Amino acid sequence: MIELVIEQRRRDLGSFEVGRVLPFARRRMVGPYIFFDRMGPKDLAPGLPREADVRPHPHIGLSTITYLFDGEIMHRDSLGSEQSIRPGEVNWMTAGRGITHSERFERLRREGGPLDGIQAWVALPDEKEEADPGFWHYPSAALPVFDGDGVVGRLIAGRLSGMQSPVSIDSPQFYVHWQLRAGSRASLPAEYPERAVYVVKGDVEIDGQRIGAGSMAVLAPGNAATIVASSDAVVMALGGEPVGPRYIDWNFVSSSKERIDQARDDWKSGRMKLPDLDHDEFIPLPPRIGELQEPEPLS
């Protein structure tokens, strides 16, 4: 049932830590999901330094999904969007041929408080890689709700078990936030060839194997999976249909190495428009570490 367990790799950003899960050396993607980072959890004091903010930076070839358990982040982008995100809401940004945005912790800087959430990227299918960029915000009340025996949750994106999220997507996929009471069970159907379960909090068992907080279990295709909560637990389940191998370099995702090179040059040369409401600073292009490698075929 479980093909691989990925332990998050923690990295200290100064004010808080992030835990990188995807991409991983032995598993670059799960369905179209190519990036999965855990922000926090961290209780922040008022006066958070501005260096903690994510200054304006570019993307191509992907959609970003920001989903919080605690805290608040302010999003601004080159389309003119300005939108805060709070727990249970969805900020979905499609980069397509190119977008820039910033993420700032303005309320946490003023008031302090907890920060905890997930930043995920979805690689766009070939025919959508150069689509027009877009940004959409969805309040928590707009998301379908799971409510069973000891299990509650939200369908963040896609379709699962006959339910469909209103979030605009570009390829078959699903993304779920579940909360499980100790001893309860959630069933993840086998309707997609690639699926994974990330444990945010607590412990669960899948096919008799314990999966602890900070770990992602990548599931084998073909059979429904039962997630049993050993303690009160929070999990994210995600996956979908593969979109094909992708290059990933800094904030750029593409099926073409040449397109990655073009994006790097566009950002370095100042040809990508900065956010309308946040254009006084930006993240410089980092050096490429080694040569851009051929993407591994999806298993």
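# Notebook: a four-stranded sheet and its surroundings

**Entry 1: the sheet.** I began with an open sheet of four strands, which pair antiparallel in the order S5-S10-S7-S8. I note that this is a predicted model. Which strands stand at the edges? I found strand S5 (54-59) and strand S8 (82-85) there. Each has a single partner strand, so one side of each is left without a neighbour in the sheet. I also looked up the twist: neighbouring strands are turned by 25° against each other on average, direction ignored. A reminder to myself: strands of a sheet pair through backbone hydrogen bonds, either parallel or antiparallel.

**Entry 2: strand S7 and its partners.** Next I followed S7, residues 73-77. Four bridges join S7 to S8, and the two run antiparallel. Within this pairing, Met-74 has Ser-84 as its bridge partner, and His-75 stands opposite Gln-83. How many bridges join S7 to S10? I found four, again with the strands antiparallel. On that side, Asp-77 of S7 has His-101 in S10 as its bridge partner.

**Entry 3: buried or exposed?** I checked the five residues of S7, and five of the five are buried, so S7 is largely enclosed by the rest of the structure. Which way do they point? Ile-73, His-75 and Asp-77 point one way, while Met-74 and Arg-76 point the other way. I recalled the general pattern: in a regular strand the side chains alternate between the two faces of the sheet.

**Entry 4: the loop after S7.** The hairpin of S7 and S8 has four residues between the strands. Gly-80 takes a positive phi near 95° in this hairpin. Ser-78 also lies in the loop between S7 and S8. Its relative accessible area is 13%, under the 20% cut-off, so Ser-78 counts as buried. What does Ser-78 touch beyond its neighbours within four places in sequence? I listed Ile-99, Thr-100, Lys-273, Leu-274, Pro-275 and Asp-276.

**Entry 5: Asp-278.** I then moved along the chain to Asp-278, in the segment after helix H2 (257-268). Asp-278 counts as buried because its relative accessibility is 9%, and the cut-off is 20%. Leaving aside neighbours within four places in sequence, Asp-278 is in contact with Pro-56, Arg-76, Ser-102 and Arg-104. Two polar contacts went into my notes. The side chains of Asp-278 and Ser-102 are joined by one of 2.7 Å. The side chain of Asp-278 makes another with the side chain of Arg-104, at 2.6 Å. I also looked up a pair 238 residues apart along the chain: the C-alpha atoms of Asp-278 and Gly-40 are separated by 25 Å.

**Entry 6: empty space.** Rolling a probe the size of a water molecule over the atoms shows where empty space is left. I looked at the second largest pocket, with a volume of about 200 Å³. It is lined by 15 residues, and the closest to its centre are Arg-97, Gly-98, Ile-99, Met-272 and Lys-273. Which element gives the most to this lining? H2 does, with four residues. Strand S10 (99-104) supplies at least two residues of the lining.

Then I turned to cavities. The structure holds one cavity of 30 Å³ or more. About 30 Å³ of space lies in the largest cavity. Its lining includes His-75, His-101 and Glu-103. Strand S6 (62-70), strand S9 (90-94) and S10 are the elements that give two or more residues to that lining.

Conventions:
Residues are numbered from 1 along each chain as its sequence is written. This is a predicted model: local features need pLDDT of at least 70, side-chain atom pairs count only at pLDDT 80 or more; totals for chains, interfaces and linings use all residues. Side-chain values use heavy atoms; hydrogens and water are left out. Buried means under 20% relative accessible area, exposed over 50%, partly exposed in between (1.4 Å probe, protein chains only). Contact means heavy atoms within 4.5 Å. A polar contact is a pair of N or O atoms within 3.5 Å; within protein, one must be able to donate a hydrogen and the other to accept it, and residues adjacent in sequence count only if both atoms are side-chain atoms. Two strands pair if DSSP finds at least two bridges between them. Axes are lines fitted to C-alpha atoms, for helices over the stretch in contact, and angles run from 0 to 180 degrees between N-to-C directions. On a 1 Å grid over the protein atoms alone, a cavity is a set of points where a 1.4 Å probe fits but cannot get out, and a pocket is an open set with protein on both sides within 12 Å along at least five of seven lines; lining residues have an atom within 4 Å of a point. Grid points are joined across faces, edges and corners, and a volume is the space filled by probe spheres set on the points.
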